[in-house]
Amino acid sequence: MIELTHGFKISTDKCRGRMQCMRACPTHAIRVKEGKARVIPELCIDCGSCLGVCPTEAISATTINFAELDKFKFKVAVASPALFSQFGMGDTPVQVGRALLDLGFDAVWEYAVDIELIDRAIMEALKKWPGPFPLISNSCPVVVRLIQVAYPSLVEQVIRLEAPRDIAGRELKKRYSRELGVRPEEIAAIYLTPCQAKTISILQPAEGAKSHLDGAVGISEIYNDLLFIMRRNAGKDAPPKPLSGVGEWFLWGAPEGEFPNLPREHYLPVQGLTDVMKVFDDVEKGKIRNIEFLECHACVGGCIGGNLTVENLYVARTKNLRMISGMAEPSADFRQEVERRSASEDFSLRGLLKPRNAGGDVTDLRERVTRRKRADELLKALPLLNCGLCGAPTCRSHAEDVAFSRADLKDCVFLSRDRIGFLRGIYGGNNPDGLDHQSRQRHGERGGRDDG
Amino acid sequence: MPAELMRESFEIQGGNFDKAGEISGEIKNILRDLGIQAASLRRVVVVAFEAEMNVVMYAARGTLTFVLTDDDVQLEVKDEGPGIPDLELAFQEGYSTASDEMREMGFGFGMGLPNMKKNADELRVETEVGKGTAVFARVRLNSHD
């Protein structure tokens, strides 16, 4: 199996094995053994639920930092629409675009064109699709990975088109290498991302092809600098540098906005992993009828609710709605560019999306059945409290781990006297009657007992 | 006859629309965890769900038995319901005896049996008016695109 890369890393040094990440993970992909968290790669869908909950901040997104971009001759920002909703009501997308140039980007891509192109391509694909319905959007990498891991039968319903950010990367390299006379490899297409999941979709696209983007910078990483530049620029009317767009803005990034041209009764926007999973359950049963297209976002609020955004989701939403209501008619240049590229480009997905094999290396059905039955048997010995002290999030996952030979049944505190002693060795608390211990319990929420 | 690898039975509560679909969901999870090919999995889940819904809609109670062999998945759904007076009619798309109430809840489009027939490789229905209905469905593994 190809090794899976993920959009975040866990620092072993900072990890204190506090299990918050393990409990937050919707696909039960994290185990905490010997006091350190680790990920079962084939179960992780890069949703980022673990990122914000770590009390010792041991989990970080693998976005690239700004300094790493210096190796490229020409750096182009492809800004997620979510970026423009992060600033004040008076801050226009043009001002944000200008601040990006001042920050060090050589150009800001007119991403609205790519979004419009994919919007159209989706409409076309829907007309031609013979079924089964609904087709499912693939712009959220977490949704795509969730389907690969937990909804294998829906893989064929994921729309087979490139994400707009990727066709943006392809086109901008073509254009700037021509205009500047440099090789495409010397041009960096950098996505300004509202979540770490987009990073992983660049490092390792789910369908197996290579991304046209070179990396992603989290919005939260550049937010302070951008804000500072914008305040400094206030009132000034500097002309934009040559060769640079400033990024028109658009509807994407907010819920219920991806496909404004679809008839409402046949199109369903769904947000938040919990709700997305509920809807997928029903799609699998054939219960969702009359819906042709599902627009799914793992984050509540869509991309403006991403975990690398800064502004409160609802405030950002207000800003987003304000921008939508004030949106001008598309310019003639914009329409012309859409027509030109629409006629000459292919937007179909270059790879083939496949279900992920979460069963490890065992492929024989009989062996898998035996393993499952063994897990069912083992579960009977466990207390069903899901306390997590064995290092697995639920008793069920512990039983499965044992059946998969990746854990020892005796890691359960109910089955082994030694386990508590072992855990004390790792987590401290050797003096259960002492005041010292109690006070540490009370005050130790953030790092207070880390040296213990 | 291929060897039986797994067999599980589930009780279905008639009239409980709140829980309806949980059993077919459970079957789906089993098949997914076993790495059953997606196309076969999908067919089994659709058949199981329609069968489960029929029991929920029309019967007081029923059982769904799931059997996995090397070659196929077999579903056996038996209920203590009113039975089906005219089977031929029941297999016609759009024919339904669902009440308005059921339709308002989004059920009873007359697609149940036709949908099961479409998705199963074999489907057999035995029914007796006043006594109940038994449905036997078979979905082959590794032979669907």
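Two residues are in contact if their C-beta atoms, placed from the backbone, lie within 7 Å. The model is predicted: local features need pLDDT of at least 70, side-chain atom pairs count only at pLDDT 80 or more, and totals for chains, interfaces and linings use all residues. Residues are numbered from 1 along each chain as its sequence is written, while chains are lettered from A and ligands numbered from 1 in the order in which they are written.

**Exercise 1.** Determine what share of the contacts in chain A with a separation of 6 or more comes from residues 24 or more positions apart.

*Solution.* Residues 24 or more positions apart supply 75% of these contacts. Chain A contains 14 helices and 11 strands; helices (H or I, at least four residues) and strands (E, at least two) are DSSP runs, numbered from the N terminus.

**Exercise 2.** Locate the largest nonpolar core with respect to the domains of chain A.

*Solution.* Step 1: a nonpolar core is a set of buried Ala, Val, Leu, Ile, Met, Phe, Trp, Tyr and Cys residues joined through C-beta atoms within 7 Å. A residue is buried if 20 or more other C-beta atoms lie within 10 Å of its own, exposed if 12 or fewer, and partly exposed in between.
Step 2: the largest core has 92 residues, and those with the most contacts inside it include A:Val76, A:Trp109 and A:Ile190. Helix H3 (residues 111–128) of chain A gives the most to this core, with 8 residues.
Step 3: domain 1 (1–62) and domain 2 (66–344) of chain A both give residues to this core, so it lies between them. The domain bounds come from an automatic or database domain assignment.

**Exercise 3.** Identify which peptide bond leading to A:Pro132 is cis, and place that proline in the chain.

*Solution.* The bond from A:Gly131 to A:Pro132 is cis, with omega near 0°. A:Pro132 lies in the loop between H3 and strand S7 (135–136) of chain A. A cis peptide bond also joins A:Phe133 and A:Pro134, with omega about -5°, and A:Pro134 is in the loop between H3 and S7 of chain A.

**Exercise 4.** Classify A:Met19 and A:Asn386 by burial.

*Solution.* Step 1: A:Met19, whose phi is near 75°, has 22 C-beta neighbours inside 10 Å and therefore counts as buried. A:Met19 is in the loop between strand S1 (8–10) and helix H1 (20–24) of chain A.
Step 2: A:Asn386, whose phi is near 50°, counts as partly exposed because it has 16 such neighbours inside 10 Å.
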